[in-house]
Amino acid sequence: MQFYVDNFGLFRDAFLTTLSLSLLGGLLALVLGTLLAAFRVSPITPLRGLATFYVETFRNTPLTVVFFFIIFGLPQIDFVIGFFPGAVLAIGLYTAAFVCEAVRSGINAVASGQAEAARALGLTFGQSLREVVLPQAFRTVVPPLGNVLLAMVKNTSIAAGFAVSELSSLLPRLVNANAGELVLVLIGVVVGYMLITVPSAFALHRVERRVAILR
Amino acid sequence: MTSRSNGDPLVRLSGVNKWFGELHVLQDIDLSIDRGEVVVVIGPSGSGKSTLCRAINRLEAIEQGEITIDGQRLPEEGKELARLRSDVGMVFQSFNLFAHKTILENVTLGPIKVRRQSKADAEKRARELLERVGVAAQADKYPAQLSGGQQQRVAIARALAMDPKVMLFDEPTSALDPEMINEVLDVMTSLARDGMTMVVVTHEMGFARRAANRVVFMDGGRIVESADPETFFTTPQSARAKDFLSKILEH
């Protein structure tokens with residue numbers, strides 16, 4: 001116990017960093033991913049093409065490479081970004097591709113008659129997406145979206161390799177300083193992640209039950 | 001032919017052609033619908049009658065020809081098309097009520113989002129319309145909690161809330177249990193009496209006789225015959241129509 005007391009500040013800061021990465025990255029991913037999904041079903045061909053290109057690029061690139069590109073690649077074109085904002089950007093941009101695909105599967109699951117009825121009323125494409133299709137799509141994709149977001153929380157550990165002092169970065173750091181306490185360090189880090197993921201999973205389950213709709 | 005016309009026809013299709021791949025589903029369709037006229041479209045399945053109905057508000061795009069509503073050519077896409085559609089009510093075979101919205105919200109969505117009415121005004125009108133179609137008591141329920149007949153009457157109220165110039169009915173009773181068909185037909189009949197311009201694709205010959213000014217018989221993507229109901233049902237001209245009527249009227 002003394003070990004945790006001695007290192008409480010480190011654990012707390014690292015936990016808060018991981019939490020911030022998760023919240024900010026998740027927010028960026030949800031907003032951008034939903035926008036991309038709207039593009040992918042839009043009647044405007046260039047928008048569809050752009051979104052498809054985006055998704056295929058980020059979905060098929062390792063996250064580490066995305067980090068590398070943003071933190072070391074962008075400065076080559078005079079766009080310098082700090083380690084933490086860079087990490088948020090990398091995580092958000094990467095996860096948005098997966099969010100897009102989850103939301104798109106939800107859009108495809110909404111009966112085509114729903115969008116037809118909306119269009120027949122005179123709603124524009126954007127209005128029918130916002131008012132009718134997306135609210136129903138989100139309800140069906142809570143479980144897969146939850147998977148994407150939980151994976152993202154764990155993916156924030158990549159930021160450790162790019163000078164962000166989040167939870168996983170404690171592993172080498174604390175083990176080097178306290179060689180005998182390897183197991184305690186591991187437990188501390190795992191508990192830190194679980195403090196984020198377990199309540200999230202629980203909350204997602206609640207959301208799933210609350211928004212379920214009769215068909 | 002009825003002569004209710006006051007000026008130009010409300011809906012005019014001229015030289016309309018449409019293909020689904022190789023299939024020529026609409027062939028050289030010419031059809032004019034006057035204000036206040038009730039046109040019932042009948043024909044065997046696959047004859048193109050639903051496609052014709054859906055082409056009028058461009059849920060199906062046509063490849064050739066021209067469709068005008070109230071003198072205005074159907075726009076291709078975008079806001080213009082949305083505006084035109086808002087004047088054309090549509091009732092679907094499968095109701096298509098918005099599953100995540102209450103009955104009241106289903107009816108107020110269009111007036112609020114498209115007509116920019118205040119929520120209070122839209123709700124007041126919606127309750128009147130729900131009263132008119134006999135489902136006022138269900139206003140706060142969700143569509144899945146209603147019977148098919150009730151859902152279809154809500155769908156009619158939803159279309160009416162936009163004060164449409166014309167209403168399209170695409171087989172409105174085909175998905176209903178037999179005992180619910182009449183409650184929907186009654187609402188449609190009263191609409192017809194009130195002078196609503198209607199295009200109705202249906203298999204309900206009783207409704208056609210009772211409410212239609214004109215029956216249009218389609219087969220193989222063409223309009224084969226067009227006559228007032230009495231003439232059509234008693235003395236059909238084409239062999240196809242005679243054959244079709246003999247099959248559906250004998251039981």
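Reader: Let's start with the open sheet of six strands in chain B: in what order do its strands lie?
Author: Happy to start there, and please keep in mind that this is a predicted model. The sheet is open and its pairing is mixed. From one strand to the next, the twist averages 20 degrees. Read across the sheet, the order in chain B is β6-β7-β8-β3-β9-β10.

Reader: Which strands of chain B stand at the edges of that sheet?
Author: An edge strand here has a single partner strand, so one side of it is left without a neighbour in the sheet. In chain B that description fits β6 (88-91) and β10 (222-227).

Reader: Which residue in β8(B) stands opposite B:V39?
Author: Strand β3 (residues 38-42) of chain B pairs with strand β8 (residues 197-201) of chain B over four bridges, in the parallel sense. Within β8(B), the residue opposite B:V39 is B:V199.

Reader: At about what angle to β9(B) does helix α9 of chain B run?
Author: Two helices can be described in a similar way. Helix α6 (residues 178-193) of chain B lies across β3, β7 (166-170) and β8 of chain B, and runs at about 145 degrees to β8(B). Helix α9 (residues 239-249) of chain B lies across β3, β9 (214-219) and β10 of chain B, and its angle to β9(B) is about 100 degrees.

Reader: Which residue takes a positive phi in the hairpin of β4(B) and β5(B)?
Author: Strand β4 (residues 64-69) of chain B runs antiparallel to strand β1 (residues 11-20) of chain B, joined by five bridges, with B:L13 partnered by B:I67. β4(B) is also joined, by two bridges, to the antiparallel strand β5 (residues 72-73) of chain B, where B:I69 has B:Q72 as its bridge partner. Two residues lie between the strands of this hairpin, and the one with a positive phi, near 55 degrees, is B:D70.

Reader: How far apart are the end C-alpha atoms of helix α5 of chain B?
Author: Helix α5 (residues 148-160) of chain B has 13 residues, and 13 of the 13 are buried. At 1.5 Å a residue, the expected span is 18 Å, which agrees with the distance between the end C-alpha atoms: 18 Å.

Reader: What kind of aromatic pair do A:F3 and A:F11 form?
Author: The whole structure holds 12 aromatic pairs over all chains. For A:F3 and A:F11, the centres are 6.4 Å apart and the planes stand at 80 degrees. A:F3 counts as buried because its relative accessibility is 7%, and A:F11 counts as buried at 10%. Their pair is edge-to-face.

Notes. Residues numbered from 1 in each chain as written. Chains lettered and ligands numbered in written order. Predicted model: local features only at pLDDT ≥ 70, side-chain atom pairs only at ≥ 80, totals over all residues. Heavy atoms only, no water. Pairing = 2+ DSSP bridges. Expected span 1.5 Å × (residues − 1). Buried < 20%, exposed > 50% of the residue type's maximum accessible area, 1.4 Å probe, protein only. Phe/Tyr/Trp six-rings, centres within 6.5 Å; stacked < 30°, edge-to-face > 60°. Axes fitted to C-alpha atoms, helices over the stretch in contact; angles between N-to-C directions. Contact = heavy atoms within 4.5 Å.
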